[in-house]
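Reader: I am new to this structure and should be glad of a guided account of its two chains. Might we proceed by question and answer?

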Amino acid sequence: MTFRYNNVYINATSTVAGPYEQKGPLKNYYDATYDDFYINMDTFEQAESKMIEDSVDILLSKIGKTKFDIDLFLSGDLLNQIASSSYAASRLGIPFMGVYNACATSVEGLIIGANMVENKQIKNCICAVSSHNNAAEKQFRYPVEYGGPKPKTATFTTTGSASAYLSSNKEQIKVDSSTVGSVVDLGIKDVYHMGAVMAPAAADTIFKHLRDTKREIGYYDLILTGDLGVYGRDILKEYMKTEYGIELKNYNDTACMIYDREKQPVYAGGSGPACAPLVTYSYILNKMKKKEYHRILLVATGALHSPTMVNQKLSIPAIAHAISLEVVE
Amino acid sequence: MEKTKYKDLVNKHTPKENRLYNGMIAFIIGGFMGALGELLRQLYAYFFDIPTSEATMFMIITLIFIGCLFTCFGFFDKWVNFAKCGLIIPITGFAHAMMSAALEYRKEGMVTGIGANMFKLAGSVIIFGVVSAYTFGLIRLLLGGIA
């Protein structure tokens with residue numbers, strides 16, 4: 001399912017990031033960073049919620065509006081019952097819709113928001129997303145202080161929150177089109193190899209997007225996938241070629257950009273709902289505003305991982321949503 | 001693409017874990033832990049003038065205490081990550097598993113947090129430890145009779 005937009009723009013974005021991202025190669029592009037995982041809060045979960053609030057506050061100050069001017073707040077995260085988003089929304093008081101598609105949540109939110117703005121159901125909206133390394137480890141894996149060994153294919157959940165403000169006010173970054181992905185499951189059960197889980201979903205969505213928009217792969221200056229990691233990136237390239245006969249040019253993966261894999265203990269790269277937007281809303285949009293990229297396709301990939309279902313020996317389904325952004329004069 | 005074919009593609013791009021290296025590290029550090037335990041046991045037996053069976057208990061308590069303390073100080077997880085089974089298999093790993101879970105859930109209440117989650121990792125060690133002790137004890141009894 002592909003949507004086209006004539007009148008939706010990303011007017012502003014904000015990014016806040018944690019201690020590991022602060023030491024990564026994109027450190028100068030974030031609006032704010034935190035030195036520790038607690039951010040003066042009691043627990044990791046509350047810290048994650050605080051990050052969403054902080055990122056929305058920064059965004060509101062950037063666009064010079066108050067929360068009363070915002071029609072809709074779309075947010076999601078990895079925690080059970082998307083708790084971080086719900087608690088942030090409870091304090092913000094903006095009409096709220098919670099969204100969840102694991103690490104594809106960011107683009108899912110953008111698609112819903114863009115559709116409503118395009119159809120003039122709302123004037124504007126804020127799409128936020130967050131993830132917190134320790135809160136995610138606690139929920140999905142082992143206690144943080146346990147530090148259980150992981151294989152090389154594991155990814156490191158990013159800590160941070162990113163928000164985007166969408167409206168029909170014309171500005172540089174235009175939302176051109178979006179493709180809603182289907183859930184793909186090729187039988188991978190390894191929770192430490194999410195790149196392999198998600199690569200077919202990314203390929204499926206990229207293929208459908210190009211087919212629906214009748215575009216060639218070279219139309220985009222940059223194709224960005226969410227959080228496949230270095231091994232997932234290689235899998236996607238080969239899968240795309242053998243399955244669809246498409247050679248991925250001008251392609252990168254945000255998981256490989258957010259950290260310095262040589263120096264930081266992040267295994268195959270970053271992951272988490274915040275990974276793709278942290279890179280895109282800071283570094284990539286910056287490059288677009290400088291006209292280094294004119295057209296990009298952001299494909300956020302999500303492993304719809306449920307520990308319960310994996311324990312019941314089922315494989316992990318994955319999804320990818322794509323959104324195409326353009327620079328306009 | 002078929003699932004089996006995709007699995008082959010994934011395997012092609014999946015790096016091999018260095019099992020020999022990991023095994024060596026675990027062997028050396030695990031062996032060092034064993035030697036440390038034996039040293040402590042002998043020292044306790046010598047200085048406190050107690051039978052070695054009692055000294056064993058003191059040694060275990062010491063190692064558990066050190067494991068828990070280091071977990072609380074926040075650097076034992078980095079050691080575990082490096083030494084892997086060299087520190088997970090000895091009694092320190094068990095203490096570390098319980099302590100890290102207790103730390104993680106300390107803000108969620110004594111009963112619903114610490115009490116309910118402390119054995120999250122270590123619980124299966126206890127269950128299967130008891131079951132296998134029972135099974136092998138029974139086998140030994142059947143084969144050798146009461147010694």
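**Chains, core and contacts**

Author: In this predicted model, the secondary structure of chain B consists of 8 helices and 0 strands. Read along the sequence, chain B accordingly shows the pattern α-α-α-α-α-α-α-α.

Reader: What radius of gyration does chain B have, against that of a compact globule of 147 residues?

Author: The C-alpha trace of chain B spans about 70 × 50 × 35 Å along its principal axes. Of its 147 residues, 20% count as buried. A compact globule of 147 residues would have a radius of gyration near 15 Å, whereas the value for chain B is 20 Å.

Reader: Among contacts in chain B between residues at least 6 apart in sequence, what percentage join residues at least 24 apart?

Author: A contact here requires C-beta atoms within 7 Å. Among the contacts of chain B whose residues are at least 6 apart in sequence, the share that joins residues at least 24 apart is 53%.

Reader: How many helices and strands are there in chain A, and what is its radius of gyration?

Author: Chain A has 10 helices and 14 strands. The globule rule gives 20 Å for 329 residues, and chain A comes close to that value, so it is as compact as a globular protein of that length. Its C-alpha trace spans about 50 × 50 × 35 Å along the principal axes. The radius of gyration of chain A is 18 Å.

Reader: What percentage of the residues in chain A are buried?

Author: A residue counts as buried if 20 or more other C-beta atoms lie within 10 Å of its own. Among contacts in chain A between residues at least 6 apart in sequence, 78% join residues at least 24 apart. Of the 329 residues in chain A, the buried share is 56%.

Reader: Which domains does the assignment give for chain A, and how far apart do their C-alpha centres lie?

Author: The domain assignment of chain A gives domain 1, residues 10-167, and domain 2, residues 173-327. The contact takes 44 residues from domain 1 of chain A and 51 residues from domain 2 of chain A. The C-alpha centres of these two domains lie 18 Å apart.

Reader: Which element gives the most to the side of domain 1 of chain A that touches domain 2 of chain A?

Author: Several elements of chain A each supply at least two residues of that side, among them β2 (9-17), α5 (133-140) and β8 (160-167). By class, this side of domain 1 has 23 nonpolar, 15 polar and 6 charged residues. The element that gives the most, with 7 residues, is α4(A).

Reader: Where does the largest nonpolar core lie with respect to domain 1 and domain 2 of chain A?

Author: The largest nonpolar core has 110 residues, and those that touch the most other members are A:C125, A:M198, A:A202, A:I296, A:L298 and A:V299. Helix α6 (residues 194-213) of chain A contributes the largest share, 10 residues. Domain 1 (10-167) and domain 2 (173-327) of chain A both give residues to this core, so its place is between them.

Reader: With which residues is A:A202 in contact, leaving aside its neighbours within four places in sequence?

Author: A:A202 is one of the residues that touch the most other members of the largest core. Leaving aside neighbours within four places in sequence, its contacts are A:T225, A:L228, A:L236, A:V299, A:T301 and A:A320.

Reader: Why is strand β4 of chain A described as largely enclosed, and which residue of β6(A) stands opposite A:L74?

Author: Strand β4 (residues 72-76) of chain A has 5 of its 5 residues buried, so it is largely enclosed by the rest of the structure. Its two faces are both covered, with A:L72, A:L74 and A:G76 buried on one side and A:F73 and A:S75 on the other. Strand β4(A) runs parallel to β5 (residues 96-98) of chain A, joined by 3 bridges, and A:L74 stands opposite A:M97 there. It also runs parallel to β6 (residues 124-131) of chain A, joined by 5 bridges, where the residue opposite A:L74 is A:C127.

Reader: Which element gives the most to the side of chain B that touches chain A?

Author: The contact joins 25 residues of chain B to 25 residues of chain A. In chain B, the elements that give two or more residues to this side are α1 (3-12), α4 (76-83) and α6 (91-104). By class, the side has 10 nonpolar, 7 polar and 8 charged residues. The element that gives the most, with 6 residues, is α6(B).

Definitions and conventions. Residues are numbered from 1 along each chain as its sequence is written. Chains are lettered from A and ligands numbered from 1 in the order in which they are written. This is a predicted model: local features need pLDDT of at least 70, side-chain atom pairs count only at pLDDT 80 or more; totals for chains, interfaces and linings use all residues. A nonpolar core is a set of buried Ala, Val, Leu, Ile, Met, Phe, Trp, Tyr and Cys residues joined through C-beta atoms within 7 Å. A residue is buried if 20 or more other C-beta atoms lie within 10 Å of its own, exposed if 12 or fewer, and partly exposed in between; C-beta atoms are placed from the backbone. Helices (H or I, at least four residues) and strands (E, at least two) are DSSP runs, numbered from the N terminus. Domain bounds come from an automatic or database domain assignment. Two residues are in contact if their C-beta atoms, placed from the backbone, lie within 7 Å. Ala, Val, Leu, Ile, Met, Phe, Trp, Tyr, Cys and Pro count as nonpolar, Asp, Glu, Lys and Arg as charged, and the others, Gly among them, as polar. The radius of gyration is taken over C-alpha atoms; the globule rule is 2.2 Å times the number of residues to the power 0.38. Two strands pair if DSSP finds at least two bridges between them.
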